[in-house]
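Here are my notes on the model you sent. They are numbered so that you can reply point by point.

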Amino acid sequence: MAGLSLLVMGSLLYGAGWAMGRLLLQTKQGAIQRELETIAGTLHDSLRPSLPEYGPASLNIAAVLPGLCPVREPCRPPADLIHRHGISASDPDRFKLRVLDLHGGLIARSPGTMPLETEPGQTGLVLAGDRAAGPWGTYTIHLHHAQAPGEAIWGYLQVSRSLAELDAEADRLWWLGHAVFSLAMLVMALASWWLAGLAMAPLVEAYRRQEQFSADVAHELRTPLANLLALVEAERSTIAELPASRTATSLDRVLGQGRRLQQLIADLLLLANLERPFPQSQKQVCNLAEISADVLEECGEAAAEAQVSLEQKRWMSPARVLGNEAELGRLLINLVSNAIQHSPIGGRIEVSLEQRGREIKLSIHDSGPGIPAAQRQQIFDRFTRLDPARSRSQRGTGLGLAIAQAIARRHGGGISVQCNPAQSNPVQSNSGAGSCFCVTLPSAD
């Protein structure tokens, strides 16, 4: 995934850099063309009054531009500083000039070797060159003399300039662009690897949890099945010889293991169903106060048997939320049953229901041993038991809190573990100080 993202980002970056480089070079080339066009226009305006309608024009041109060398005549450098400044536009170190007649015959040119000989077949800018002379740009315009009527063409004027500077600029852009591209690719490779790691971390964690879940399911299902098979195998050959009471006891054990297995499978199916999104069409307004009161009444017998008292501390009614009444009831049953199982004899469980802004908060505080700090993030995992031996003796499956959390999230809320809210400096649940499970759900009002 990191390689694919790097390939896509690198292609986009390289394409953008190439387009930007071409744009810069075209801008530079346009500036050179405008410069040549300006010089050619200035020279044309200077030469036009001195061009004869007929006859040789080399002397007239030499008088206007003394830096040019007339054809078939010796080339003489400017005699003084004034002439050199006067012909700065035709400086042979920067520009090369050629004046041609109407038929393309050479009349005058700049001194020295011309880098290229361009025939005046078309006006405008022409790019040409070779390895020895390097790239050059030649701009050609028509020459007109003042005595000719209209725009009659007298000849041609060519202004050439070396494009070595443009080539050097292109080379600098190529090396700089590729250096920046290489550095950017290195940074993007590291960033892509890091981001891919972040993106894959939840998938790896989900895969690990799935593997752990499968192993836990296999273990949890294997235990009651192994007990069932052991009981059946042990009693198969001797069941006819056993007294009725012994047979009934064995069957009760088989039945208990079977029911435990049945409950475990039912919890797994419920948990899988709770992972799906809640259809909006199935939501209805539920009174959480009535549901809580029914659960407390239903769990009263189990609390009395465990010698634990159930009390309502703070209460509000009605407490309307959107959801499924059966699922909300199961959430409360799981939390209250968990509090009963972990409360000592003579302990007290306080249940409160109150409004907190746009949310309804349900708190269940017990007087049990509390939750160690290292295990606070694990108690909502599937098949997690803080005391495995005690949970098995109470026929626990380790799915109660996982189901409760799934129901709360399915209804747009959540579950947190806090200490006794009456303490002056509340912190997370402390070992030996009891635990307070707080469920927050969005209010329907």
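1. Helix 6 (residues 288-305) and helix 7 (residues 325-341) have axes that come within 9 Å and cross at roughly 40°, in a predicted model. The two helices are therefore oblique to each other, a term for angles that are not under 35 degrees (roughly parallel), over 145 (roughly antiparallel) or 65 to 115 (roughly perpendicular). Axes here are lines fitted to C-alpha atoms, for helices over the stretch in contact, with angles from 0 to 180 degrees between N-to-C directions. Helices (H or I, at least four residues) and strands (E, at least two) are DSSP runs numbered from the N terminus.

2. Helix 6 passes helix 7 in a right-handed crossing; a crossing is right-handed if the near helix is turned clockwise from the far one by less than a right angle, and left-handed if anticlockwise. The residues of this contact divide into 12 nonpolar, 3 polar and 2 charged. Nonpolar covers Ala, Val, Leu, Ile, Met, Phe, Trp, Tyr, Cys and Pro, charged covers Asp, Glu, Lys and Arg, and the others, Gly among them, are polar. On the helix 6 side the residues include Ile291, Ser292, Val295 and Cys299, and on the helix 7 side they include Glu325, Leu332 and Val336. Contact means heavy atoms within 4.5 Å.

3. Two residues of this contact can be set side by side. Ser292, in helix 6, is buried with a relative accessible area of 3%, whereas Glu325, in helix 7, is partly exposed at 46%. Buried means under 20% relative accessible area, exposed over 50%, and partly exposed in between (1.4 Å probe, protein chains only). Leaving aside neighbours within four places in sequence, Ser292 is in contact with Trp315, Leu332 and Leu362. With residues up to four places away not counted, Glu325 touches Gln284, Cys286 and Ile291. Between Glu325 and Cys286 there are 6.1 Å in space, C-alpha to C-alpha, although they are 39 residues apart in sequence.

4. Helix 7 also packs with helix 9 (residues 400-410): the axes come within 9 Å and cross at roughly 145°, and the crossing is left-handed. Leu331 and Leu335 are among the helix 7 residues in the contact, and Ile403 and Ile407 among those of helix 9. The residues divide into 8 nonpolar, 3 polar and 3 charged. In helix 9, 9 of its 11 residues are buried, including Gln405 and Arg410.

5. Which phi does Gln307 have, although it is not a glycine? Its phi is positive, about 60°, and Gln307 is found in the loop between helix 6 and strand 8 (309-312). Most residues other than glycine have a negative phi. Gly412, just after helix 9, takes a positive phi of about 80°.

6. Confidence should be stated alongside these points. The mean pLDDT (the predictor's confidence in each residue, from 0 to 100) of the protein chain is 76, and 75% of its residues reach 70 or more. Over residues 81-88 the pLDDT is below 50, and over residues 419-428 it stays under 50. Where pLDDT is low, the predicted coordinates should not be read in detail.

7. On conventions, residues are numbered from 1 along each chain as its sequence is written, and side-chain values use heavy atoms, with hydrogens and water left out. Local features need pLDDT of at least 70 and side-chain atom pairs count only at pLDDT 80 or more, while totals for chains, interfaces and linings use all residues.
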